[in-house]
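The exercises below ask you to read a protein model step by step. Try each task yourself before you turn to its solution.

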Amino acid sequence: SGKTTALNALFAALKSRKDYVYPVIISFSGNSGFTKGHDETCCEAFLRVLAAQFVEDPKGIFACTEAALKDHFGDATVVLLIDELNALCAPLDEDLSRLLKRMFLDQSGRYLVFTTHYPMEVDVGASFVSSDSGRTCETIQLPRCTDLATLRGMATECASLQPCRVAMYSGIPSMIYLASISSLSIQKRFDNRSSSMTVFRDVDVQDDFVGELLNGTAMLHNFDVFSCVDPGGKFMFPVAYIKCIISRMDNSISYGVREVVKQLETYSGQSETGKDWECIVLLALLLRCFHATKHTYDLFDRVPLNCPQLVKFALLPSTCTTLVDARNEMGKLAGSSSCVIIAYPTAAKFPYYDAMLLVRDNGADTYVGLQMKLGNTYPAGGSQAPSDADWNGGSFWVRGHATETSGTPSNGWIYLNKEELTRFLGYSLGTLYPANW
């Protein structure tokens, strides 16, 4: 993603200045040869590596104190640049946090810039450690891009890049590039870095994680390694990792998330299918309905989801070719429980809807239909939506380029506006709203 390149460029720019700025760059990356000494603390290792920059031929393990470095720096304006701080200590322990604050925040003329492979809390123990500095940490956002022309220009292998693949990697150029030029295995990366099974099966962790996907606010830090942090401190997870994490949780939406992302992968080489938008909406439906099992929620501000006991995703068989067939199939899947059924038809030219919901609440059934359109079109020829008597929750026309206002429902269709859709998608998927591409 260019973190080290950017850090080296900053170091070179600081060195070229003529205002007595003293830049120092250190690295804990795998390429740096750094290893922690036996019984060496994170603070001791940090001081040793920093001090080594001022020794002509450092060999082996040697010790250095904070006081010695303080004397060495004197009153100079020092900018410390650290590459892959996570390789030294992740998460940061409180002693190292105190040391970094003393040396590079509390003192004037001291600055700290660091890269990390995943989000880290630097101000560890802030509630116990007072600081004389009012400076805070600023996060540089990992680049994201959904402009196909720009992304296709990254490499010859990217020349035929299509929207589905961009959506798969949530518009992160580095992931798109690696997936295009090599056999990037997201699943392998995930398996190498994932937490214990106990964490994934914890129902509170599952609820918090889905909440984090929807609002971007960090509820827990078990999966930070798979996320990006925006400048405002919000967390965004790429679709490819959302699939890995929720699949490992093995809950009621795991199957649905796997199937929807499989659709993205299937259509990743085709253009203008609109399947990328369908899949994004389906993922958002799965997340919203799962989150509603513990938090009441009104879908599109119109359809109440009163903490259903269960959420089920169904790929309707190709023999299911009519709305009557779909209603019957969804009713059988629901049984007598309080639940939400999200149905995705697989029959070619299935009429009217791209997805359907059955909300069963204490014996009362609400049927909802959704037609997803990538552009800003209205129903062709003014086609009439199915009967309100059968689809009593509404027929929604969900456009990837919706207008600012909803407009008046016509021919039975309810048009969602841009703000309603952005809010529905939530934070992690909101970056993939086609109107923003």
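**Exercise 1.** Which residue caps the N-terminal end of α4, and which atoms are involved?

*Solution.* Bear in mind throughout that the model is predicted. Begin at the N-terminal end of α4, the helix that covers residues 94-104. The cap is Asp-93, which places a side-chain oxygen 3.3 Å from the backbone nitrogen of Asp-95.

**Exercise 2.** Describe the order and the pairing of the strands in the open sheet.

*Solution.* Start with the order, which is β1-β2-β3, and note that the pairing of these three strands is parallel. Next, look for the edges: β1 (21-27) and β3 (110-114) each pair on one side only, and they are therefore the edge strands. From one strand to the next, the twist averages 15°. Finally, turn to the pair formed by β1 and β2 (residues 77-83), where seven bridges join the two parallel strands, and where Pro-23 is found opposite Val-79 of β2.

**Exercise 3.** Determine where helices α2 and α4 lie on the sheet, and what covers the buried residues of α4.

*Solution.* Take α2 (residues 42-51) to begin with: this helix lies across β1 and β2, and runs at about 120° to β1. Helix α4, by contrast, touches β2 and β3 as it packs on the sheet, and its direction makes about 135° with that of β3. Now apply the cut-off for burial, which is under 20% relative accessible area; the residues of α4 that are buried include Leu-96, Leu-99, Leu-100, Met-103 and Phe-104. Among the elements that cover the buried residues of α4 are α2, α3 (66-73), β2 and β3.

Note on methods: Residues are numbered from 1 along each chain as its sequence is written. This is a predicted model: local features need pLDDT of at least 70, side-chain atom pairs count only at pLDDT 80 or more; totals for chains, interfaces and linings use all residues. Side-chain values use heavy atoms; hydrogens and water are left out. Helices (H or I, at least four residues) and strands (E, at least two) are DSSP runs, numbered from the N terminus. Axes are lines fitted to C-alpha atoms, for helices over the stretch in contact, and angles run from 0 to 180 degrees between N-to-C directions. Contact means heavy atoms within 4.5 Å. Buried means under 20% relative accessible area, exposed over 50%, partly exposed in between (1.4 Å probe, protein chains only). A polar contact is a pair of N or O atoms within 3.5 Å; within protein, one must be able to donate a hydrogen and the other to accept it, and residues adjacent in sequence count only if both atoms are side-chain atoms.
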